[in-house]
Amino acid sequence: MRALLAELGEPQRAYPAIHVVGTNGKSTATRRAAAFLAREGLSTGAYTSPHVSGWGERIQVDGEDADVERALERVRRPAERLMATQFEVLTAAALADFANAGVDVAVAEAGLGGRLDATNVLEARIVVLTNVALDHTDVLGNTREAIAAEKLAVVAPGATVVLGEPEWEPLAREHGAASVVHADDPGRAAAEAFLGRQLEGEVEISLPGRLDLVGDDVFAGAHNPAGAEWLVEQLPRNNYVIVASVLADKDAGAMLRTLARAGRILVATTSANARAVPAAELASLAAPLFDTVEAVAEPGEALDRARELAGGDGAVLVTGSLYLLADLFVRLNRIP
């Protein structure tokens, strides 16, 4: 990653940055921080992952999706020569696009962990740690403490760290934080820390597949047990017909136990991601937890079946992997 950026002229040094790490809520915090800063008159870049509506969703300048082909073209030749990974290429493309646009500040979400993530090239003035839960334990460690250490390894000496969970303050300071801010709204707090003043009012952001309400139906990615727990607590009812797909490296059993509190009927499906649990296997795991379980492998057909089961007065919850939400977005050119 550093070799690639060197060939591109070190674009990440062209602007100050806010770096967002954590288990859940990173994209929301990233977009909110960027929106607050834009409202205050700054030109902003925002880098998030994964996407639901399309690749351009990952790279935004002043709230507008990037021309991804143009952004990729800037990095294509050195990236191919260096055999960069897909995420490294996208990250470099985002950082170069921000430099080309002359942004005043970039807000970048880490892809996985922090210490070895492609985004750990920013030396950011502000680091946000949204929260820490057990996820990607095969890579990041099997305790919350180990995972937090991996994520906070992005802290540069003298940085301000915004924490969604106060328990990580000693670890943040151990990693070089000069100051620590505790916040229920990390995105707002990050913008305030960057500007050095409090902000009034609110901003609106649009993030496809993150708690989209369409009539009584809900479309909300929840890709791990902590995300599923958060989601269920937000829902206005507990009798949804649920459509879900889960990746194989997640604790599907724990997620299903939580989702069973949101409804008693589940339609198991399989996103296009190669790591998705097959629909029949997910249905087998779910069978003891729900009153009715069906397996429908194709996501669009699974959604249609769920709507049949819900009937005229019922509601559907589509959740699990964000890749499932992306599949449905592609099928219908929108979140249904």
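Here are three short exercises on salt bridges and a surface patch in this predicted model.

**Exercise 1.** Work out which parts of the chain the Arg32–Glu202 salt bridge links, and how covered each partner is.

*Solution.* Start with the contact: the side chains of Arg32 and Glu202 come together in a salt bridge, 2.9 Å from N to O. Next, place the two ends. Arg32 sits in helix H2 (residues 26-39) and Glu202 in the loop between H8 and E9, so we're looking at distant parts of the chain, 170 residues apart. Now for cover: Arg32 has 13% relative accessibility, so it counts as buried. Glu202, at 48%, counts as partly exposed. Finally, zoom out a bit: Arg32 and Glu202 belong to a salt-bridge network together with Asp185 and Arg188. Within it, Asp185 pairs with Arg188, with 3.8 Å between the closest N and O atoms.

**Exercise 2.** Decide whether Glu165 and Arg144, partners in a salt bridge, are each buried or partly exposed.

*Solution.* First, the closest N and O atoms of this pair are 3.3 Å apart. Then apply the cut-off: buried means under 20% relative accessible area. Glu165 has 19%, so it's buried. Arg144 comes in at 25%, so it counts as partly exposed.

**Exercise 3.** Find out which residues join Leu211 in a nonpolar surface patch.

*Solution.* Begin with location: Leu211 is in the loop between helix H8 (186-195) and strand E9 (212-214). Check its cover next: a relative accessible area of 31% makes Leu211 partly exposed. Its patch partners are Leu213 and Trp230, and together the three have about 320 Å² of accessible area.

Note on methods: Residues numbered from 1 in each chain as written. Predicted model: local features only at pLDDT ≥ 70, side-chain atom pairs only at ≥ 80, totals over all residues. Heavy atoms only, no water. Patch = residues over 30% accessible without salt bridge, like charges linked within 9 Å, V, L, I, M, F, W, Y side chains within 5 Å. Areas by Shrake-Rupley, 256 points an atom, 1.4 Å probe, with all protein chains shown as cover. Salt bridge = Lys/Arg side-chain N within 4 Å of Asp/Glu carboxyl O. Helix = DSSP H or I, 4+ residues; strand = E, 2+ residues; numbered from the N terminus. Buried < 20%, exposed > 50% of the residue type's maximum accessible area, 1.4 Å probe, protein only.
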